[in-house]
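Reader: I've got a model open and I'd like to learn how to read its overall features. Can we walk through it together?

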Amino acid sequence: MTSPTIEYGLIAPLLVLLGGAVCAVLVEALVPRTRRFGVQFGLAVIAQLIALTLVCAGWSVTPGVAVMGGLSIDGPTRIVWSLLLVFGLGATLLYGERRVSGGTSAFAAQAHTVPGSRAEHEAIAARQENTEVFVLLELSLFGMLVFPAANDLLTMFVALEILSLPLYVMCSLARRRRLLSQEAALKYFLLGAMSSALFLFGAALLYGFSGSFQFADIDAGITLGIESQTLLMAGLALTSIGVLFKIGAVPFHSWVPDVYTGAPTPVTAFMAVCTKLAAFGGLLRLLFVALGGARWDWQLVLAVIAVLTMVFGAVVGLAQNDVKRLLAYSSIAHAGFILVAVVGAMAGDALGEGLTGSVSGVMFYLAGYGLATMGAFAVLTMVRRSGGEATGFDAWAGLGRREPVLGAIMTLFLLSMAGIPLTGGFVGKLVAFVAGWQGGYAWLVVVAIVMSLVTAGFYFRLVKIMYFDEPDASVDVVKAGTPTWVVIIVGAVGTLVLGLAPGSVLDLFTSAAGFLR
Amino acid sequence: MNPNAYIILSAILLCIGLFGFMVRRNALIAFMSVELMLNAANLAMVTFSHVHGGLDGQIAAFFVMVVAAAEVVVGLAIIITIFRTRQSASVDDENLLKH
């Protein structure tokens with residue numbers, strides 16, 4: 001029996017992030033309450049910056065399998081890691097913003113106090129602040145990094161839980177409207193636990209099919225043509241359902257609008273961008289590496305799910321009157337657009353000259369979507385009425401006239417989400433749809449283009465409200481501190497750069513799109 | 001030993017769990033149903049482990065138990081927080097966030 005080896009060099013970013021989270025737990029115990037928030041904030045930013053540097057430095061290292069076949073550190077993993085850490089930093093900055101809500105963070109003073117009770121008032125009066133959110137953020141981000149890198153079903157399941165459990169807690173920690181926030185956490189938790197149980201049962205069936213949890217062995221089992229097709233099909237369906245739930249694809253979407261609305265806005269931004277990134281990374285590896293041989297079985301079903309997702313997100317989005325809820329439905333519609341590229345199944349290592357393929361299509365789309373979405377949520381935190389966020393459309397009336405700069409930036413984000421040329425969102429849609437087209441799903445691309453026109457309807461409706469309606473005097477656009485502005489400006493500049501000069505990023509993603517099998 | 005019986009039992013347990021999750025309105029019962037689904041998967045993995053003659057499935061079952069324990073901690077914390085606020089653990093009462 002050989003002793004296990006660990007490739008520390010390849011997994012260094014993971015270790016740094018986990019180390020940062022462990023140190024953050026110690027900070028909770030050792031640093032005095034008054035200085036804890038700043039220390040936690042700084043520690044989280046530094047840990048993620050070091051991890052990001054390590055990922056960037058590791059791009060040139062030969063891809064390899066680490067930790068006894070548990071993790072596959074290849075091109076797609078590195079793309080997802082880079083994006084996750086960039087957006088994780090963005091979310092951390094939003095977590096650390098205190099100026100918008102009058103010197104306190106967006107999180108409950110004491111999470112265990114009953115809303116409206118005397119204990120809660122005392123905690124608020126004492127200006128207590130919840131600093132554990134940074135620990136939870138780092139742990140969740142660690143799970144998100146492991147998930148798309150996982151090379152066997154068991155690692156994937158454990159990573160799924162590591163990323164989910166802190167998210168459930170973070171959802172319940174809003175400072176204002178705590179009942180909504182707790183309700184969102186309960187819904188997310190119950191449905192999330194159910195979907196991961198389904199994923200696990202699917203993993204057990206795939207294990208029964210191939211005799212191994214390793215993706216490569218499952219692939220070999222499919223190629224050999226093992227008899228028990230029932231096990232394969234049921235396992236394929238159940239594992240996919242588990243991941244599609246995290247993505248928010250119809251019919252596994254019912255939690256998305258409620259949880260996005262109820263959770264504190266920085267957490268919503270983190271979920272909307274980073275969870276989607278990790279889940280799509282994991283879905284691509286699961287479907288392309290482990291179940292690539294069965295693609296004729298899953299492509300059509302996934303195409304139907306993509307159509308349902310796009311149509312539902314676009315059509316129900318039209319009826320919304322709340323910006324936060326609108327962004328939730330828009331994220332469902334975006335999930336459908338990204339699935340178009342997944343259905344194409346143009347794996348990176350089988351590409352001809354000049355093709356971009358599904359992996360780089362998905363990743364580029366997510367980069368553009370992430371920049372616009374995180375920026376939009378940052379703007380959302382600044383529009384307030386008597387201290388709380390005002391998310392209704394009526395509150396946003398005339399915003400563009402009152403605050404020209406903020407209005408122009410928000411319009412840019414909305415145009416990017418609608419897929420208007422010269423923005424990152426347009427190029428993302430282009431490469432994602434081209435991947436679907438090349439994979440032989442022209443009809444799906446036609447549906448996707450029609451649906452992106454429908455989604456443009458609700459984005460333009462919000463733009464119209466921001467510029468042509470009479471302003472509401474009771475709504476304040478508060479001054480935000482540096483962290484929020486960094487997120488907004490990086491989002492705006494990134495959206496423009498991806499739209500005007502996408503070449504270098506697209507080349508980088510395409511060159512790294514091959515999975516290690 | 002015929003493994004089919006165990007596989008069928010685990011599928012039945014999964015269906016009972018799924019059915020309980022859909023039908024029961026109490027958050028605690030719904031959560032217990034999820035735990036039943038996890039244990040159905042455990043039974044399936046241990047059985048397949050026996051069929052294939054390896055240890056992978058049995059080791060996986062231990063991982064699942066640890067994960068389930070962590071999930072219980074988080075889940076009960078959320079359910080108890082809500083119960084202290086509303087004196088109710090029924091998921092039908094959670095209707096502030098409507099479409």
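Author: Sure, and let's begin with charge: Lys and Arg count as positive and Asp and Glu as negative, while His and the chain ends are left out. Keep in mind that this is a predicted model.

Reader: How far apart are the mean positions of the positive and negative charges of chain A?

Author: They sit 10 Å apart, with 28 charges of each sign going into the means.

Reader: What radius of gyration does chain A have, and how do I judge it?

Author: You compare it with the value for a compact globule of that many residues. For 517 residues that would be near 24 Å, and chain A has 22 Å, so the two agree. The C-alpha trace of chain A spans about 70 × 55 × 40 Å along its principal axes.

Reader: How much of chain A is buried?

Author: Taking buried as under 20% relative accessible area, 65% of the 517 residues of chain A qualify. The accessible surface of chain A is about 16900 Å², and carbon and sulfur atoms hold 69% of that.

Reader: And what is chain A built from?

Author: Chain A has 20 helices and five strands. Among its contacts with a separation of 6 or more, 81% join residues 24 or more positions apart.

Reader: Where does UniProt list "transmembrane region" in chain B?

Author: An unreviewed UniProt entry gives residues 6-24, 36-53 and 59-83 of chain B. You can then check such a stretch against the model. Residues 6-24 of chain B are 95% helix and 0% strand, with end C-alpha atoms 26 Å apart. For residues 36-53 of chain B, the figures are 94% helix, 0% strand and 26 Å between the end C-alpha atoms.

Terms used. Residues numbered from 1 in each chain as written. Chains lettered and ligands numbered in written order. Predicted model: local features only at pLDDT ≥ 70, side-chain atom pairs only at ≥ 80, totals over all residues. Heavy atoms only, no water. UniProt positions renumbered as here; feature names shortened; annotations may be inferred. Helix = DSSP H or I, 4+ residues; strand = E, 2+ residues; numbered from the N terminus. Rg over C-alpha atoms; globule rule 2.2 N^0.38 Å. Buried < 20%, exposed > 50% of the residue type's maximum accessible area, 1.4 Å probe, protein only. Contact = heavy atoms within 4.5 Å. Areas by Shrake-Rupley, 256 points an atom, 1.4 Å probe, with all protein chains shown as cover. Charge placed at Lys NZ, Arg CZ, Asp CG, Glu CD.
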